[in-house]
Amino acid sequence: MPTVDIEGMKVAYAEAGTGLPVVFLPGLVGTRDWFRYQVSGLSESYRVMSYDVRSARNVASYTLDLLTEDLARFLTSLKLQFAVIVGHSFGAMVAQRFALAYPQMTEALVLVSAFPTLEEKSPEAIIDALSPGQVRVESALQSFLSKIFPHKLQTGTREETDGLEWLTSHSATLSRTTLAARTALIGKFDSRDWLEQIEAPTLVIVGAKDKTPFLAGAQTLYEGIPNAELEVIEEGDHFCFYTRHDLVNRAIDDFLKDRLSSGARAARDIKRRRT
């Protein structure tokens with residue numbers, strides 16, 4: 001598995017294909033493995049990548065700006081001037097902020113099961129809504145060993161199931177600090193005041209069977225971002241990128257081919273050079 005160095009931190013990532021770079025950001029307890037169907041299904045047309053979002057050393061220093069900078073450094077380390085940024089749920093928070101902070105590096109934006117804010121702020125409710133199953137929390141010993149042997153600690157055998165069971169078995173094992181830091185970020189997040197400043201062509205994807213806050217959130221994102229489209233995935237849930245990956249991949253592919261035609265990309269390249 002390839003890695004890149006981000007300020008002394010080794011970040012593992014998955015990659016396949018060539019062409020326009022498309023970077024996937026996982027949700028609350030997600031890993032780069034969650035996007036295996038995107039890596040396999042879209043790599044015939046695009047350079048598809050996904051990476052593991054950093055863990056938290058403490059709650060106070062774990063900020064959305066830090067995660068946004070990580071994404072910028074990830075692209076820079078791979079000598080990429082721009083990419084399509086795809087975020088799922090928690091990862092879509094980072095994607096929204098990145099599109100605002102780095103418009104010239106955001107070729108297009110895809111927000112899957114995303115939200116501009118959540119009314120329910122309790123950590124328990126956030127974890128329940130944004131996790132596919134039981135969250136695995138590191139013990140004190142595991143946390144200690146992972147600091148000494150990063151990326152080498154085994155957390156047990158993962159059964160090769162499918163659907164939400166597969167996502168649960170391939171979820172990240174998080175420290176209590178990381179889980180607390182991420183839920184705190186979600187609780188504070190509110191992009192409604194600056195959605196209109198996002199310039200990138202944006203596709204908002206939501207599952208038809210997702211919970212009401214995410215259906216309403218998708219509508220708010222669609223109406224608030226000037227250059228946005230909305231795609232509702234039939235029979236899709238909060239994890240539709242996996243459970244209905246066929247429809248999600250098709251929606252992403254159609255959107256990119258339509259909105260990033262040669263003429264549209266040429267216009268964006270001219271704008272980049274001028275700014």
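In this predicted model, contacts in the protein chain between residues at least 6 apart in sequence are dominated by long separations, since 77% of them join residues at least 24 apart. Of the 275 residues of the protein chain, 52% count as buried, and the secondary structure comes to 11 helices and 8 strands.

**The sheet**

The 8 strands form an open sheet with mixed pairing, in the order E1-E2-E4-E3-E5-E6-E7-E8. At its edges stand strand E1 (3–6) and strand E8 (228–233), each of which pairs on one side only. Neighbouring strands of this sheet are turned by 25° against each other on average, direction ignored.

Two of the pairings can be described in detail, and the table sets them side by side.

| Strands | Sense | Bridges | One facing pair |
|---|---|---|---|
| E1 (3–6) and E2 (9–16) | antiparallel | 4 bridges | Thr3 and Ala12 |
| E3 (21–25) and E5 (83–88) | parallel | 4 bridges | Val22 and Val84 |

In the hairpin of E1 and E2, 2 residues lie between the strands, and Glu7 takes a positive phi near 50°. In a regular strand the side chains alternate between the two faces of the sheet. In E1, Val4 and Ile6 make up the covered face, whereas Thr3 and Asp5 make up the uncovered one.

**Helices on the sheet**

Helix H3 (residues 90–101) packs on the sheet, where it touches E3, E5 and strand E6 (106–112), and its direction makes about 150° with that of E6. Helix H10 (residues 245–259) also packs on the sheet, touching E3, E5, E6, strand E7 (202–207) and E8, with its direction at about 165° to that of E7. The 15 residues of H10 should span 21 Å at 1.5 Å a residue, and the end C-alpha atoms of H10 are indeed 21 Å apart, so the two values agree. The buried residues of H10 include Leu247, Val248, Ala251, Ile252, Phe255 and Leu256, but Asn249, Asp253 and Arg259 are also listed as buried in this helix.

**H2 against H3**

Two packed helices are described by the angle between their axes and the distance between the axes. For helix H2 (residues 64–77) and H3, the axes come within 9 Å and cross at roughly 75°. Because angles of 65 to 115 degrees count as roughly perpendicular, H2 is roughly perpendicular to H3. On the H2 side of this contact are Leu64, Asp65, Leu67, Thr68, Leu71, Ala72 and Leu75, which meet Phe90, Met93, Val94, Arg97, Phe98 and Ala101 in H3.

**The nonpolar core**

The largest nonpolar core holds 90 residues, of which Phe74, Leu75, Ile85 and Ile205 touch the most other members. The largest share of this core, 7 residues, comes from H3. Leu75 is also among the H2 residues that meet H3. Leaving aside neighbours within four places in sequence, Phe74 is in contact with Val4, Ile6, Tyr13, Val23, Met49 and Tyr51. Two of these partners, Val4 and Ile6, belong to the covered face of edge strand E1.

**The loop after H3**

How exposed is Gln104, at 27% relative accessibility? Gln104, which is found in the loop between H3 and E6, counts as partly exposed because its value lies between the limits of 20% for buried and 50% for exposed residues. Although Gln104 and Ala83 are 21 residues apart in sequence, their C-alpha atoms are 9.4 Å apart in space.

Methods. Residues are numbered from 1 along each chain as its sequence is written. This is a predicted model: local features need pLDDT of at least 70, side-chain atom pairs count only at pLDDT 80 or more; totals for chains, interfaces and linings use all residues. Side-chain values use heavy atoms; hydrogens and water are left out. Two strands pair if DSSP finds at least two bridges between them. Axes are lines fitted to C-alpha atoms, for helices over the stretch in contact, and angles run from 0 to 180 degrees between N-to-C directions. Contact means heavy atoms within 4.5 Å. A nonpolar core is a set of buried Ala, Val, Leu, Ile, Met, Phe, Trp, Tyr and Cys residues joined through side-chain atoms within 4.5 Å. Buried means under 20% relative accessible area, exposed over 50%, partly exposed in between (1.4 Å probe, protein chains only). The expected span of a helix is 1.5 Å times one less than its number of residues. Angles under 35 degrees count as roughly parallel, over 145 as roughly antiparallel, 65 to 115 as roughly perpendicular and the rest as oblique.
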